[in-house]
Amino acid sequence: MIVVLALAGGLGAAARFVVDTLVTRRTRSVGVPVGTVVVNATACLLLGALTGWLLGHAGHDGAGAVLGVGFLGGYSTFSTASVEAARLLLAGRGPAAATHALVMLTTSLAASVVGLTLTSP
């Protein structure tokens, strides 16, 4: 099980890299790291949906662990979001740092509620 979790985490990290790179290429002019916001919001949406689905389908704990802890754990990156906000702050861009952190938090929370609502029994 540990090997499967590790592989899923590696796949999640690779997916994060791809999504972040694609989003960052298209949003460079924005001036804040949008790719991390997209990654974390989609991770929260998917984790909310997975949690809701697992609530109605008992006996799939292994699949839930591999997808939730493994893949989505490797895909999401709230530590990177914190570093990005700190970098904006240290660069003297306090309002951008606060906006980035607030958008990250609210978007991720809303996405998780949407995911949970869509799949809950």
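A residue counts as buried when its relative accessible area is under 20%. The model discussed here is predicted.

Q: Which residues of α1 are called buried?
A: In helix α1, the residues Ala8, Gly9, Gly12 and Val23 are buried, a term that requires a relative accessible area under 20%.

Q: What covers the buried residues of α1?
A: The cover includes α2 (34-56) and α3.

Q: Why are α1 and α3 called oblique to each other?
A: The axes of α1 (residues 2-26) and α3 (residues 61-75) cross at roughly 40°. Angles under 35 degrees count as roughly parallel, and 65 to 115 as roughly perpendicular. The crossing falls in neither range, and α1 and α3 are therefore oblique. Their axes come within 6 Å, and the crossing is right-handed.

Q: What makes up the contact of α1 with α3?
A: Residues of α1 including Val4, Leu5 and Ala8 meet residues of α3, among them Ala65, Val66 and Val69. The residues of this contact divide into 12 nonpolar, 4 polar and 1 charged.

Q: How do you know that the span of α5 agrees with what is expected?
A: Helix α5 (residues 94-119) has 26 residues, which should span 38 Å at 1.5 Å a residue. Its end C-alpha atoms are 38 Å apart, and the two values therefore agree. Helix α1, with 25 residues, reaches 36 Å, close to the 36 Å expected.

Q: Which residues of α5 are buried, and what do they pack against?
A: Ala96, Ala97, His100, Met104, Ser108, Ala111 and Gly115 are buried in α5. The buried residues of α5 pack against α2 and α4 (78-90).

Key:
Residues are numbered from 1 along each chain as its sequence is written. This is a predicted model: local features need pLDDT of at least 70, side-chain atom pairs count only at pLDDT 80 or more; totals for chains, interfaces and linings use all residues. Side-chain values use heavy atoms; hydrogens and water are left out. Axes are lines fitted to C-alpha atoms, for helices over the stretch in contact, and angles run from 0 to 180 degrees between N-to-C directions. Helices (H or I, at least four residues) and strands (E, at least two) are DSSP runs, numbered from the N terminus. Angles under 35 degrees count as roughly parallel, over 145 as roughly antiparallel, 65 to 115 as roughly perpendicular and the rest as oblique. A crossing is left-handed if the near helix is turned anticlockwise from the far one by less than a right angle, and right-handed if clockwise. Contact means heavy atoms within 4.5 Å. Ala, Val, Leu, Ile, Met, Phe, Trp, Tyr, Cys and Pro count as nonpolar, Asp, Glu, Lys and Arg as charged, and the others, Gly among them, as polar. The expected span of a helix is 1.5 Å times one less than its number of residues. Buried means under 20% relative accessible area, exposed over 50%, partly exposed in between (1.4 Å probe, protein chains only).
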